[in-house]
Amino acid sequence: MNVALLAVKTGLRATSVVAPGLAGKMAFALFCRLKSPAPVRATDAEMHAQAVVDHMIHDGRRIALYQWGDGANPVLMVHGWESRGSRYATLAKELLARGFSPVTFDAPGNGDSEGNRTTLLEYATIIEELHRRYGPFRAIVSHSFGTLATFQALRAGVKADKVATICGVSEFSYLVDVFSDVLGLTPKVRSDLTVRFAGLFPQEHDIYRRFSATHEAESVTIPVLVVHDTDDAKVSMRQAQTMADAFPNARLVTTSGLGHNRILTDPTTIGVIADFVTETAQ
């Protein structure tokens, strides 16, 4: 086990015995704090450098935007938690070759965007702004946490012909569950953490239902491609199955041996997603 993680778990375990509320507060602060943004990977640098770079201001922070192509047939690509838009370089290259105009962004606190924290609703609001700038979209492709934000934005009125998810999170509560499992939180601290998450969105009710990708799934009549790797150690295969079962026009494609991130550069997977997007244009 990672030494730093072990130290955090030990500290939280000791605190939870005498002060569950304080332990919940500590765990919540730990979850909300984003790590320092990772640099653009060497394998993504060439394609990333070809993007037209723009920005928008969201809540006083400068948000980096990236676009390839001439603007025709736009496809939005939404990255996951503690990631960046450049992770889609391989897919962007393939889509550009097929006549699409890929668009992506770095969420607050990610990549080259300003800030040190973000929320699901911020992701979704930025997607709505990108829709006004570049949309409607031929397709939206989302990875991991970005899937929750994508469907939240669709419910808010963002238009797309199709949606493809890659190792996507389906249930909002899954984030709390996994985080709690990793830290070994007690039931009392888990409960406290659940309440604190709800407090992030005081204007919303029943966030664990409303913020799930499958909320009001029957209203999503566009085709949905659900791609997931059976060896994904971060997001359970069950999340993919939940989406595939919920949406009326969903198709599940599974891979193996790629995990949570390498799937983003796998040629076969990229081909499947690009074929799906191409069918949209047809």
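Two strands count as a pair if DSSP finds at least two bridges between them. With that in mind, let us look at strand E6 and its surroundings in this predicted model.

Strand E6 (residues 163–166) has a partner in E7 (residues 224–229), which it joins in the parallel sense over four bridges. Strand E5 (residues 139–143) also pairs with E6, again in the parallel sense and over four bridges. Here are the strand pairings with one residue contact for each:

| Strands | Sense and bridges | One bridge |
|---|---|---|
| E5 and E6 | parallel, four bridges | Ile140 with Val163 |
| E6 and E7 | parallel, four bridges | Ala164 with Leu225 |

What about the side chains of E6? Val163 and Thr165 point one way from the strand, Ala164 and Ile166 point the other way, and all of them are buried.

Helix H6 completes a right-handed β-α-β unit with E5 and E6. Nine of the ten residues of H6 (residues 146–155) are buried, so the helix is largely enclosed by the rest of the structure. Among these buried residues are Gly146, Leu148, Phe151 and Leu154. Just after H6, you will find Gly157 with a positive phi of about 120°.

Now to a pocket. The second largest one has a volume of about 170 Å³. Two elements, helix H3 (42–49) and helix H4 (89–97), each give two or more residues to its lining. The lining includes Arg41, Asp44, Met47, Lys93 and Thr265. By class, the lining residues divide into three nonpolar, four polar and four charged.

Key:
Residues are numbered from 1 along each chain as its sequence is written. This is a predicted model: local features need pLDDT of at least 70, side-chain atom pairs count only at pLDDT 80 or more; totals for chains, interfaces and linings use all residues. Side-chain values use heavy atoms; hydrogens and water are left out. On a 1 Å grid over the protein atoms alone, a cavity is a set of points where a 1.4 Å probe fits but cannot get out, and a pocket is an open set with protein on both sides within 12 Å along at least five of seven lines; lining residues have an atom within 4 Å of a point. Grid points are joined across faces, edges and corners, and a volume is the space filled by probe spheres set on the points. Ala, Val, Leu, Ile, Met, Phe, Trp, Tyr, Cys and Pro count as nonpolar, Asp, Glu, Lys and Arg as charged, and the others, Gly among them, as polar. Buried means under 20% relative accessible area, exposed over 50%, partly exposed in between (1.4 Å probe, protein chains only). A crossover is right-handed if, with the strands pointing away from the viewer, the path from the first strand over the helix to the second runs clockwise.
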